[in-house]
Amino acid sequence: MIHINRPPKSRNPQSLNPINSLQNPSFSQSRMPSFLSKSFLRLPPKSLLFPMSTVAAAKSRLRGVVFDMDGTLTVPVIDFAAMYKAVLGDVEYKRIKAENPSGIDILHHIESWSPEKQQEAYKIIADFEKQGLDRLQIMPGAAQLCGFLDAKKIRRGLITRNVKDAVDLFHQRFGMMFSPALSREFRPYKPSPASLLHICSTWDVQPNEVMMVGDSLKDDVACGKNAGALTCLLDEKGRYGSQDFANLDLTPDFKVSSLIEVHSLLKSNFDLTP
């Protein structure tokens, strides 16, 4: 059974998307309570929690869905821990990991390095990513979800911190096109809202009419929250709990354990009129 916490009818959907502390203040260019099960939940702010199914809510209009790629549209295959160790060295990796329990932002970390050292780091990262491309697999439910969105004429976009070559290969191998599809060549990358706001502008829609779907709390959910969009955290293995959300001051609007649940979530909670 799917459980949903519904906000009052008079609430504006934008109130469910407060801009969090991860917002990049310099931008001008361009994760949940302990009672959660693996069924998806709508999560309003703590002060707006209501007994389930006691309040009917008007459906918000949804005009676009933006996806992360690695770990969301594709099965995770990159050994990120090994990649970080190769870039940072064992000692530095352990130190940075201890200081950042929610995860290491390797791209942000190496930006302060010298050009020569950055070039060496990017080469190591590219080698790991290429190994991942050789084993690229579509995430279960992705094709069906994209077909559903196409039938409803809901736009599909993609934002990844991987390279453009990986996006091109994804499009070619699986025959699913996302537009716009922004790779890490678009700066600043997630968790900055720049890429998501760029897509909203391209589509000529408001951020609160768009949902960001991804498997990273600190990158995907933060990006969506920073932009003022709806957010859906894909948590296949139940990695995220209330402490993780408290640590980053981030709570996704929805949490699911599969893309199949996203399909049901959209039908149940949104006006999908083109």
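Leu266 is a good place to start: beyond its neighbours within four places in sequence, Leu266 is in contact (heavy atoms within 4.5 Å) with Leu62, Val65, Leu145, Phe148, Leu149, Met211 and Leu272. Keep in mind that this is a predicted model, where local features need pLDDT of at least 70, side-chain atom pairs count only at pLDDT 80 or more, and totals for chains, interfaces and linings use all residues. Residues are numbered from 1 along each chain as its sequence is written, and side-chain values use heavy atoms, with hydrogens and water left out.

**The nonpolar core**

- Leu266 is also one of the residues with the most contacts inside the largest nonpolar core, together with Met211 and Phe270.
- That core has 34 residues; a nonpolar core here is a set of buried Ala, Val, Leu, Ile, Met, Phe, Trp, Tyr and Cys residues joined through side-chain atoms within 4.5 Å.
- Buried means under 20% relative accessible area, exposed means over 50%, and partly exposed is in between (1.4 Å probe, protein chains only).
- At least two core residues come from each of β3 (64-67), α5 (142-151), α6 (164-174), β6 (210-214), β7 (230-234), β8 (254-256) and α10 (259-269).
- The largest share, five residues, is supplied by α5.
- Those element names are DSSP runs numbered from the N terminus: helices are H or I with at least four residues, strands are E with at least two.

**Helix α5 and its partner α10**

- α5 and α10 pack with their axes 8 Å apart, at an angle of about 25°; axes are lines fitted to C-alpha atoms, for helices over the stretch in contact, and angles run from 0 to 180 degrees between N-to-C directions.
- That makes α5 roughly parallel to α10, a label for angles under 35 degrees (over 145 is roughly antiparallel, 65 to 115 roughly perpendicular, and the rest oblique).
- On the α5 side, the contact is made by Ala142, Leu145, Phe148 and Leu149, and on the α10 side by Leu259, Val262, His263, Leu266 and Lys267.
- Within α5, the buried residues are Ala142, Leu145, Cys146, Phe148 and Leu149.
- They sit on the same side of α5, because they cover an arc of only 155° around the axis; the arc is that of the directions from the helix axis to the C-beta atoms.
- Over on the other side of α5, Gln144 and Ala151 are exposed.
- β3, β4 (155-159) and α10 are among the elements covering the buried residues of α5.

**Helix α1**

- Helix α1 (residues 80-88) has Met83, Tyr84, Val87 and Leu88 as its buried residues.
- Looking down the axis of α1, these fall within an arc of 115°, so they line one face of the helix.
- They pack against α2 (90-99), α3 (106-110) and α4 (115-134).
- Gly89, just after α1, takes a positive phi of about 90°.

**Backbone oddities in the loops**

- Lys153, in the loop between α5 and β4, has a positive phi of about 60° although it is not a glycine.
- Lys153 is exposed, with a relative accessible area of 61%.
- Asp204, in the loop between α7 (194-203) and β6, is a residue other than glycine with a positive phi near 60°.
- Asp204 is exposed, with a relative accessible area of 63%.
- Ser179 and Pro180 are joined by a cis peptide bond with omega near -5°, and Pro180 lies in the loop between α6 and β5 (181-182).
- The peptide bond from Lys190 to Pro191 is cis, with omega about 15°; Pro191 lies in the loop between β5 and α7.
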